[in-house]
Amino acid sequence: MKAAAVLFLTIASLFVLKAGKLVIVESWDNGNPKITKEYFSEDNPESFIFRSYYETGIMELVFEIRNSQRQGEARCFYPTGQLKYKCVFKNDILDGPMTFWYPNGALWQKFNFSEGIISDSLNV
């Protein structure tokens with residue numbers, strides 16, 4: 001019975017209501033967030049902003065899911081918080097610019113995608 005109560009409290013602690021949007025939070029052992037899903041509305045579990053974090057609490061990745069597909073800009077960060085890359089999704093397919101940076105912030109590479117296929121690239 002005790003184990004069931006602990007399990008219930010653990011699961012219940014993963015659900016947080018924030019500004020009218022349901023946020024599911026998975027945490028690292030140190031209490032920092034590991035994964036969050038911020039829903040646009042409580043009645044649509046297939047549309048949300050996904051965020052993952054390093055154990056230090058610095059954001060690692062953020063992107064938007066609309067109707068179960070990645071949409072719009074996605075950004076990934078180094079453990080320092082410096083932007084690693086950003087890209088654009090349309091209906092879960094790369095479609096638009098994708099840019100990579102070195103850990104020091106210097107531009108590394110740029111690509112353009114059209115419906116998931118590289119249409120051109122620029123090595124910097």
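Buried, in what follows, means under 20% relative accessible area, exposed means over 50%, and partly exposed covers the range in between. With that settled, I turn to the structure, which is a predicted model.

I shall begin with the charged pairs. The count comes to 5 salt bridges, and I will discuss three of them.

The first for today joins the side chains of arginine 66 and glutamate 64, at 2.7 Å from N to O. Glutamate 64 has a relative accessible area of 24%, so it is classed as partly exposed. Arginine 66 is also partly exposed, because its relative accessibility is 36%.

Next, consider arginine 70. Which residue does arginine 70 form a salt bridge with? The partner is aspartate 92, and the closest N and O atoms are 2.7 Å apart. This pair links distant parts of the chain, the two residues being 22 residues apart. Arginine 70 belongs to strand β6, residues 69-77, whereas aspartate 92 sits in the loop between β7 (83-90) and β8 (93-94). Both ends are partly exposed: arginine 70 has a relative accessibility of 28%, and aspartate 92 has a relative accessible area of 32%.

The last pair is glutamate 26 with lysine 34, whose side chains form a salt bridge at 4.0 Å, N to O. Glutamate 26 is partly exposed at 37%, and lysine 34 is partly exposed at 27%.

Lysine 34 leads us to arginine 51, since lysine 34 is among the contacts of arginine 51 beyond four places in sequence. Is arginine 51 buried or exposed? Its relative accessible area is 19%, and the limit for buried is under 20%, so arginine 51 counts as buried. Arginine 51 lies in strand β4, residues 48-53. Its side chain makes a polar contact of 3.1 Å with the side chain of glutamate 38. Its other contacts outside the local sequence include Ile35, Thr36, Met59, Leu61 and Val62.

Finally, the nonpolar interior. How many residues does the largest nonpolar core have? There are 13, and Cys87, Leu94 and Met98 have the most contacts inside it. Two or more residues come from each of β4, β5 (59-66), β7, β9 (96-101) and β10 (107-114). Leucine 94, setting aside neighbours within four places in sequence, touches residues including Cys87, Val88, Phe89 and Phe113. Ser114, Glu115 and Gly116 are also in contact with leucine 94. Apart from the largest core lies another, of 5 residues, with Ile49, Val62, Phe77 and Leu83 among them. Val62 thus appears in this second core, and Val62 is also in contact with arginine 51.

Technical notes: Residues numbered from 1 in each chain as written. Predicted model: local features only at pLDDT ≥ 70, side-chain atom pairs only at ≥ 80, totals over all residues. Heavy atoms only, no water. Helix = DSSP H or I, 4+ residues; strand = E, 2+ residues; numbered from the N terminus. Buried < 20%, exposed > 50% of the residue type's maximum accessible area, 1.4 Å probe, protein only. Polar contact = N/O pair within 3.5 Å; in protein donor to acceptor, adjacent residues only side chain to side chain. Contact = heavy atoms within 4.5 Å. Core = buried A, V, L, I, M, F, W, Y, C linked by side-chain atoms within 4.5 Å.
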